[in-house]
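Trainee: I'd like to get to know this model piece by piece. Can I fire questions at you while we look?

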Amino acid sequence: MDTPVVAFERVSKEYLSDGAPVTALREVTLSAGARRFVALMGKSGCGKSTLLNLAGAMDFPTSGDVKLGGESTRSLDDLALTRLRREKVGFVFQSFQLLANLTAVENIELPLLLARSERARERAKEALHWVELEGHESRLPHQLSGGQMQRVAIARALVHSPKLLLADEPTGNLDTATGEMVLKLLRRAVDERGATILMATHSLESTGVCDEIVRLRDGRIEA
Amino acid sequence: MTALFLRLIVRPLLREPLRTALTALSVALGVAVVLAIDLAGEAAAGSFRSSIETLAGDADLEVTAPGGVKADALGRLAALPHPLRLRARMEDYATVTATGEVIPLIGLDLIADALESAETAGNGKPPEGDVVWLSSSMGRKTGEKIDLQIHDRTAAYTVAGVFEQKSRIAVMDLALADRALRRDGKLDRILVWIPKGESVDAWAERLTPVAGTSATVAPQGARTRENRRMLEAFRWNLRVLSYIALVVGAFLIYNTISVSVVRRRAEIGVLRALGASRAMVLGAFLAEAALFGIVGGLAGLLLGRVMAEGAVGLLGATVESLYVSSKPASIALTPLSAMVAFAIGIGVAVASALSPALEASRVAPTEAMARGRIDYLSRVRTARDLLLACALALAAALAAQAPPLSGKPVGGYAAALLAIAAGALAVPALVRMVDRLASAALGRLGGVEAMLAMRSLTASLRRTSVLVGALATAIAMTVSVGIMVGSFRSTVLVWMDNQLEADLYLRPAGAASADRFPTLDPTLPDRLAALPMVETVDRFRAYPISYRGLPATLAGAEMKGRARFVAGTAQGIESCDCAMVSEPFANKHGVRVGDTLKLEIAPLRVIGIYFDYASERGYVIVHRNTLLKYLPDPAPSNLAVYLKPGADIEESKRAVESAARGLNVAVFSNRALREEAIAIFDRTFAITYALEAVAIVVAVMGVAGALLALVIDRRRELGLLRFLGAARGQVRKLILCEAGLLGLLANFAGTLLGVALSLILVFVINKQSFGWTIQFHRPVGVLLGALSLVYVATLLAGLYPARVATSIDPIRVVHEE
């Protein structure tokens with residue numbers, strides 16, 4: 001059997017909020033294989049974002065194990081986690097999170113530059129072309145529409161060909177038509193680039209392009 | 001209004017205590033330096049009354065003359081049919097042999113003027129023998145012996161009594177003083193008390209013809225006033241230099257308030273929508289600046305008082321070696337000086353906050369809610385600012401041409417300020433230019449972190465410009481003063497090479513001062529000339545004089561050495577009543593070759609103006625024969641000994657010392673004299689280095705505070721970089737790159753501005769204040785050292801903000817929007 005791209009084994013996560021312990025995830029077990037598009041659905045505060053952060057090696061579980069490509073994040077130090085993210089994970093956010101003073105192509109090549117990868121500019125242009133924004137290389141984020149910004153963000157998340165793409169409400173700030181276009185783009189990332197996507201969303205319409213829907217409620221996966 | 005101030009201003013300040021503290025500290029340091037220089041200057045300059053003026057009482061007039069007042073003048077004045085009270089004085093200095101301390105020595109007619117508070121050994125009658133009375137602060141007891149060196153002789157004196165006095169002084173009877181000081185009956189001053197209620201000027205006029213041909217009758221304290229006037233330029237320039245730290249502080253206040261306004265534009269918009277008036281918003285931000293002024297000002301008062309203790313020693317040494325004998329008085333923090341310093345702190349803080357506060361008050365509710373950072377950025381009008389900078393630079397060049405105003409280089413100061421303003425306005429263009437030209441290269445050299453750092457600095461152009469402006473101003477000051485001092489130093493070295501030609505130099509032992517001219521045994525030159533290795537001996541005698549209300553030095557020399565002339569020559573000086581004057585004297589009094597100086601001893605025609613860097617008091621030099629014609633005292637103050645070719649210096653020095661046995665004489669080789677002169681020079685400028693250091697510290701603190709603000713403002717971006725694969729080390733490197741780039745930009749701008757300021761300092765401010773011609777010189781090594789030091793300090797200033805940046809929780813900051 002193939003190793004899952006991401007796997008959660010009885011993962012719980014607690015944190016302190018104003019000094020009081022809050023459980024964000026409880027005994028979550030979940031895995032996603034290659035080329036899978038998984039939607040995480042649930043209301044605000046159900047643990048979707050926490051799950052994405054754990055999957056992206058941005059945080060550690062309180063108990064249980066998170067494995068990326070079979071490698072447990074628990075035993076890794078900060079530098080190893082950073083390397084893991086550089087190689088295997090891409091992020092797409094609801095509010096695009098482009099750097100305001102970098103052009104579109106510079107935003108896209110940033111992960112490559114941070115990882116000291118070769119041919120950064122060339123690969124960034126290819127990614128821009130893939131999201132159908134050729135000709136927009138030199139535009140600053142404020143010169144782009146919301147949909148264009150999210151496409152740049154997707155190109156940035158895919159530029160280093162990660163196995164896992166984590167999308168946190170990627171259509172939350174977009175109108176319906178633009179949102180649909182972004183979802184199609186994400187689907188293409190699975191089909192054409194072989195990425196596995198975990199997408200947090202609270203909208204049922206967004207899940208139409210997904211292979212699997214996982215519902216979260218109060219930090220647990222609903223049956 | 002109070003609630004608005006507390007919520008909009010105070011609460012955010014308390015949320016960033018470190019940055020708030022750094023800004024307040026920058027004001028505190030600025031205020032402290034201004035206060036310290038003021039207090040120390042006052043203490044160093046205000047000490048004349050407490051030393052040589054001690055026991056002078058509240059006389060109305062004083063009679064003085066170059067070389068001393070003849071004793072018969074006292075008889076003539078006493079014989080006048082007027083109810084005048086007269087007191088004769090001899091004033092000089094003695095060195096306490098045991099400690100090397102130089103103290104004022106005052107000779108009084110103790111029979112006529114019994115010391116009121118002295119516990120004399122007899123009943124108002126001075127005891128016989130070599131006795132002195134000492135002030136209580138000397139810590140001696142009646143009956144003890146004390147060795148005093150007076151001129152070149154040391155003798156043991158018995159302490160006849162001790163009197164209450166804070167200053168450390170010695171008093172002896174006039175007859176003994178006459179003998180010990182070799183005055184030959186000449187008095188230094190006759191103090192005159194006129195009948196109460198009568199005009200001092202009228203009495204001065206009436207007594208002048210009686211006092212003698214070369215004597216001057218002037219209101220008492222004239223010498224103190226002259227000394228103060230002489231020190232004015234020195235104190236003025238120091239004061240101006242002390243304001244630089246405050247100017248740097250002003251940049252930082254401007255930056256802090258600007259950041260405040262930018263961060264709170266949305267809040268301001270909401271408040272305006274809820275009914276806050278423009279005046280309320282303006283008031284709130286000005287109050288924020290005033291708060292920094294108050295807190296910084298209060299801390300500055302305490303800090304300034306402490307710093308003054310350190311500064312007074314440096315200033316006292318400079319005053320002593322360049323101007324006049326002086327023992328610094330104790331530092332007195334008067335309510336007035338405290339209030340002035342405090343007001344300056346608040347004033348500078350509020351004035352520098354005016355522009356961003358006005359900007360805040362103009363925020364329309366809708367604008368603040370809808371727009372933000374981009375709107376803010378667009379208001380940096382680089383091209384307009386650059387044009388304005390060019391206009392200001394032109395105005396600076398014009399101001400530098402202006403003549404001095406009441407002896408002060410006001411045009412020079414204005415030029416310096418305009419140049420600083422021009423520099424600050426040109427900084428945005430410089431940042432943009434570097435971004436355009438060097439961004440790619442930076443990326444290649446320093447990696448993505450350097451590229452991001454440059455982009456971030458360009459994106460926050462206004463903030464970056466203010467920071468670079470502040471640091472560049474401090475660096476420019478270091479560079480300009482460094483160039484000025486370096487140029488001055490090398491000019492003095494060249495001058496010494498030309499001027500100091502003799503092999504050995506002699507003067508009475510003890511600390512030297514610009515206005516003390518103790519004399520050597522008159523027979524010593526002949527004894528030295530008789531030594532087999534000696535070619536010739538040049539005798540030099542100096543007297544302190546007053547010329548047009550300013551102290552100066554009249555000297556007689558045998559002109560065996562060379563001098564370099566600004567104008568004219570010394571040819572024929574031995575055979576006429578003519579003089580050559582030093583450049584500072586000529587510039588100070590507007591004297592030209594061919595002019596006649598009306599001195600008390602005689603009118604002297606000026607035949608040459610020579611380069612001189614020995615004293616700012618200014619010299620009038622005549623041939624020794626001319627001097628002896630009017631002041632027939634053969635004792636020299638200094639001797640220059642020229643050896644025969646091939647004579648061994650050390651051996652000759654020993655022979656000279658042997659010939660001067662029994663006298664307390666200091667013999668210097670040519671090399672030792674140069675070394676001593678350079679040591680005095682370096683000590684003189686030590687205070688300027690201290691002032692520069694404070695300005696740099698203020699600027700570097702500003703960089704640390706501003707970087708911290710940048711980190712806080714960009715925490716989302718820094719957190720995002722972690723999501724995109726940046727390691728903590730890369731985030732740290734990014735912040736350090738920003739600090740490094742700020743340092744580089746500031747070094748570049750500061751060096752350019754510094755060179756411009758150095759031209760103003762050397763050719764305008766120095767020339768108009770002190771009258772010296774300085775050959776421009778670039779002390780590249782020293783400057784590179786200083787710039788590297790500043791650069792390292794700037795990098796270090798980035799360490800804490802970098803630490804804060806790496807400890808940001810990326811999940812929280814990225815999701816908090």
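Trainee: In strand 2 of chain A, which residue is the bridge partner of A:S17?

Mentor: Labels before we start: residues count from 1 along each chain as its sequence is written, while chains are lettered from A and ligands numbered from 1 in the order in which they are written. The model is predicted, so to speak with care, local features need pLDDT (the predictor's confidence in each residue, from 0 to 100) of at least 70, side-chain atom pairs count only at pLDDT 80 or more, and totals for chains, interfaces and linings use all residues. Strand 1 (residues 6-17) of chain A and strand 2 of chain A pair in the antiparallel sense over nine bridges; strands are DSSP runs of E with at least two residues, helices are runs of H or I with at least four, both numbered from the N terminus, and two strands pair if DSSP finds at least two bridges between them. In strand 2, A:S17 is bridged to A:A20.

Trainee: Which strands of chain A stand at the edges of the sheet ordered 2-1-4-5?

Mentor: That sheet is open, with four strands and antiparallel pairing. An edge strand here has a single partner strand, so one side of it is left without a neighbour in the sheet. The edge strands are strand 2 (20-32) and strand 5 (71-72) of chain A.

Trainee: And in the sheet of six strands in chain A, what angle does helix 6 make with strand 8?

Mentor: The order there is 6-7-8-3-9-10, an open sheet with mixed pairing. Strand 6 (89-92) and strand 10 (220-221) of chain A each have a single partner strand, so each keeps one side without a neighbour in the sheet. Helix 6 (residues 176-193) of chain A packs on this sheet and touches strand 3 (37-41), strand 7 and strand 8 of chain A. Axes are lines fitted to C-alpha atoms (for helices over the stretch in contact), with angles from 0 to 180 degrees between N-to-C directions, and helix 6 makes with strand 8 of chain A an angle of about 155°.

Trainee: Which residue of strand 8 of chain A stands opposite A:D168?

Mentor: Strand 7 of chain A and strand 8 (residues 196-201) of chain A run parallel and are joined by five bridges. Opposite A:D168 you find A:A200.

Trainee: Which helix gives the most to the side of chain A that touches chain B?

Mentor: 23 residues of chain A are in contact with 20 residues of chain B, contact being C-beta atoms, placed from the backbone, within 7 Å. Helix 1 (48-55), helix 2 and helix 3 (104-114) of chain A are the elements that give two or more residues to that side. The top contributor, with five residues, is helix 2 of chain A.

Trainee: Why is strand 11 of chain B largely enclosed by the rest of the structure?

Mentor: A residue is buried if 20 or more other C-beta atoms lie within 10 Å of its own, exposed if 12 or fewer, and partly exposed in between, with C-beta atoms placed from the backbone. Strand 11 (residues 534-547) of chain B is largely enclosed because, of its 14 residues, the number buried is twelve.

Trainee: Which residue in the turn between strand 11 and strand 12 of chain B has a positive phi?

Mentor: Strand 11 and strand 12 (residues 550-557) of chain B run antiparallel, joined by eight bridges. One of the pairs is B:Y543 with B:L554. The two strands form a hairpin with two residues between them, and the one with a positive phi, about 45°, is B:R548.

Trainee: Is B:G705 buried or exposed?

Mentor: B:G705 lies in helix 20 (residues 686-713) of chain B. Leaving aside neighbours within four places in sequence, B:G705 is in contact with B:R19, B:L22 and B:T23. Because B:G705 has 27 C-beta neighbours inside 10 Å, it counts as buried.

Trainee: Where is A:F96?

Mentor: A:F96 has a positive phi of about 65° although it is not a glycine. With 21 C-beta neighbours inside 10 Å, A:F96 counts as buried. Its place is in the loop between strand 6 and helix 3 of chain A.

Note on methods. Contact = placed C-beta atoms within 7 Å.
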